[in-house]
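Here is a set of short exercises to work through with the model open beside you. Try each task yourself before reading its solution.

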Amino acid sequence: MICQCIMPDEMSRPLIQGRGEGGSSRHLEATMSDPATPVVGILGTGDFSRSLASRLVASGYQVVVGSRTPKRSVALFPEEAEVASQMEAASQADLVFVAVFPEHHSTLVDLRPALAGKTLVDVSNSLHINQKGPSNAEQLANLFPESSVVKGFNTLSAWTLQVGPRDGSRQVFLCSDSPTAKSSVAQLCRRMGFIPVDMGLLSASLEIENIPLYLFPSWRIPILCTVSLFIFFYLYNATRDVLQPYTTVGKSVFYKLPIETVNVTLPSVALVMLALVYLPGLCAASLQLWSGTKYNRFPNWLDRWLTRRKQFGLCCFLCAVLHAIYSLCLPMRKSARLKLLSTAFKQMKEGKEELWVDEEVWRMELYVSVGIMAFGLLSLLAVTSLPSVANTINWREFTFIQSTLGYCALFMATLHTVLFGWNRAFDPGQYRYYLPPTFLLVLILPLVVLLGRIALFLPCVALRLKQIRRGWERSRHIRFILPDNDNRNGLEDVSNV
Ligand code: NAP
């Protein structure tokens, strides 16, 4: 019986039950429908081997497991699998999975003659990222020069193998110097319900072995940016709104630190991060216009920035979500209720009954409405950046959402901030410690990006950029026609001639 639902901490326990304690290794008559199905061997009887054996058996393969102590391990495997000595397994199998740690690969050298001419699948992972090589798979290939080594399955956990491809990752990265060996492993992979991804020659094994060891490689810079901006704006706001009143008039408003200061910091970070999503695109366009070609490589920093725009956008979205939640919770605070009551009492004492100020009311209505729209657009951008959603729309739809609606979101968020600041930029009382109000600092980058985008819309700039992106080059004599420009039918531009 295959255990269907196990928790990770249960991995130390036998995954497969059902064979009697005293069961010895026995070669079961295969219940194969296809006589051409290869016998699959597995060296090692650990967690990975047990999960793999049960998945292979469930997929209709005849499995023989090689162990140093077959008698001890036999109870851990399904009845349909044979548990034998390493030598017996290596001799019987046509294709052998090496499910032992790479530091123990050398203990298998005695199996060399039995494994000659066969396919060895190296499933091992390293403890640390290895940039220099050789990889475990390349070392295994050196140990077994007469076998064909295929790297693969290392990115699947024993757990994923156990529950099957309906859960967890379905992709299996494969590489090998032998196309035949690779295609037989790919076939086996498909039959088990996974999707083989051909990564090329065995030299790609270093990269495949590093895949499970990376820790959010493309998120590092966006997260660092978000955290740095958060710290900067938090300290800036705390200095202006909390420290300044305390040091100048002795007013203690430290209660603002956990919620109010955080809530003015989060939108600042969100808006700057959103501007940082669109700034590299502008830099790339400016570089192309300046160099008059799209065939010059962008500098490395710009390349990396362009490829991390999604992560920048998602960090911005996280800050916007938190800002929305904090803002909704603001009236729940005791401090807010007490402040409201004391303002009301003060007004009554002074004999003022009318608290309504038209300008303030309008500003607030517009501020909240524009903020909600910006948040809605940001949510749409975040949802369409999910691969499962992005795969359902075509390229034009994707760029419409991410570029056109993205700029709309940036515009709305900028307007939201402008409405928040309103005319306070002209109030000298706002320049505490000679520091400008936070919203002024925050607006600089989004305004630069929006103005830059408007500049790219100017017909002379837009046309030149369009030509460059279709292959026009200033420095070469290239005859060039813009095919999709209806009103300039057959426009012919001979550059630099
Ligand atoms: P494990 O539970 O420690 O099992 C390793 C097995 O190797 C042992 O049960 C042992 O079986 C066998 N072995 C053969 N020669 C050995 C020797 N000289 N010293 C010690 N053991 C020896 O490890 P595992 O978790 O199954 O991992 C096996 C391989 O799969 C590793 O290379 C690992 O990187 C890779 N992998 C594991 C996972 C996972 O989720 N566990 C995921 C991806 C890749 P016998 O005593 O019966 O010979």
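The exercises below go from the ligand to salt bridges, then to loops and backbone geometry.

A word on the ground rules: this is a predicted model, in which local features need pLDDT of at least 70 and side-chain atom pairs count only at pLDDT 80 or more, while totals for chains, interfaces and linings use all residues. Residues are numbered from 1 along each chain as its sequence is written, and side-chain values use heavy atoms, with hydrogens and water left out.

**Exercise 1. The ligand and its surroundings**

Task: Find which residues come nearest to the ligand, and which protein atoms lie opposite its oxygen atoms.

Solution:

Step 1. Start with the shell, where a residue counts as near if one of its heavy atoms lies within 4 Å of the molecule. There are 22 residues around the ligand, and Thr45, Phe48, Ser67, Arg68 and Ala158 come nearest.

Step 2. Sort the shell by residue type. Eight of its residues are nonpolar, 12 polar and two charged. In this scheme Ala, Val, Leu, Ile, Met, Phe, Trp, Tyr, Cys and Pro are nonpolar, Asp, Glu, Lys and Arg are charged, and the others, Gly among them, are polar.

Step 3. Now look at the ligand's oxygen atoms. A polar side-chain atom of Arg68 is 2.8 Å from an oxygen atom of the ligand. Backbone N or O atoms also take part: one of Ala158 lies 2.9 Å from a ligand oxygen, and one of Asp47 lies 3.2 Å from a ligand oxygen.

Step 4. Finish with the surface. The ligand taken alone exposes 890 Å², and the protein buries 81% of that. These accessible areas come from the Shrake-Rupley method with a 1.4 Å probe; for residues, only the protein chains shown count as cover.

**Exercise 2. Salt bridges within and between elements**

Task: How many salt bridges does the structure hold, and where do the partners of the Asp47, Lys182 and Arg363 pairs lie?

Solution:

Step 1. Recall the principle: side chains of opposite charge can pair when their charged atoms come close. The criterion here is a side-chain nitrogen of Lys or Arg within 4 Å of a carboxyl oxygen of Asp or Glu. The structure holds eight such salt bridges.

Step 2. Take Asp47, whose side chain meets that of Arg50 at 2.9 Å, N to O. Both residues lie in helix 1 (residues 47-58), three residues apart, about one turn of the helix. Helices (H or I, at least four residues) and strands (E, at least two) are DSSP runs, numbered from the N terminus.

Step 3. Check the cover on each partner. Buried means under 20% relative accessible area, exposed over 50%, and partly exposed in between (1.4 Å probe, protein chains only). Arg50 is buried at 7%, whereas Asp47 is partly exposed at 30%.

Step 4. Move to Lys182 and Asp198, whose side chains form a salt bridge of 2.9 Å, N to O. Lys182 is in helix 7 (residues 179-191) and Asp198 in strand 8 (residues 195-198), so the pair ties together parts 16 residues apart in sequence. Lys182 is buried at 12%, and Asp198 is exposed at 54%.

Step 5. Arg363 and Glu360 pair at 3.1 Å, N to O. They sit three residues apart, about one turn, in helix 14 (residues 358-384). Arg363 counts as buried at 11%, and Glu360 as partly exposed at 36%.

Step 6. Lastly, look for a network: salt bridges link Asp122, Lys151 and Glu209.

**Exercise 3. Two loops that meet**

Task: Which residues does Tyr295 contact, leaving aside its neighbours within four places in sequence?

Solution:

Step 1. Locate Tyr295 in the loop between helix 10 (260-291) and helix 11 (300-307).

Step 2. List its contacts, meaning heavy atoms within 4.5 Å. Beyond those neighbours, Tyr295 touches Gly471 and Glu473.

Step 3. Follow Glu473, found in the loop between helix 18 (459-469) and strand 9 (479-481). Glu473 is buried, at 5% relative accessible area.

Step 4. The side chain of Glu473 also makes a polar contact with the side chain of Thr293 at 3.0 Å. A polar contact is a pair of N or O atoms within 3.5 Å; within protein, one must be able to donate a hydrogen and the other to accept it, and residues adjacent in sequence count only if both atoms are side-chain atoms.

**Exercise 4. Backbone geometry**

Task: Where is the peptide bond from Gly133 to Pro134, and is it cis or trans?

Solution:

Step 1. The bond from Gly133 to Pro134 is cis, with omega near -5 degrees.

Step 2. Pro134 is placed in the loop between strand 5 (119-122) and helix 5 (136-143).
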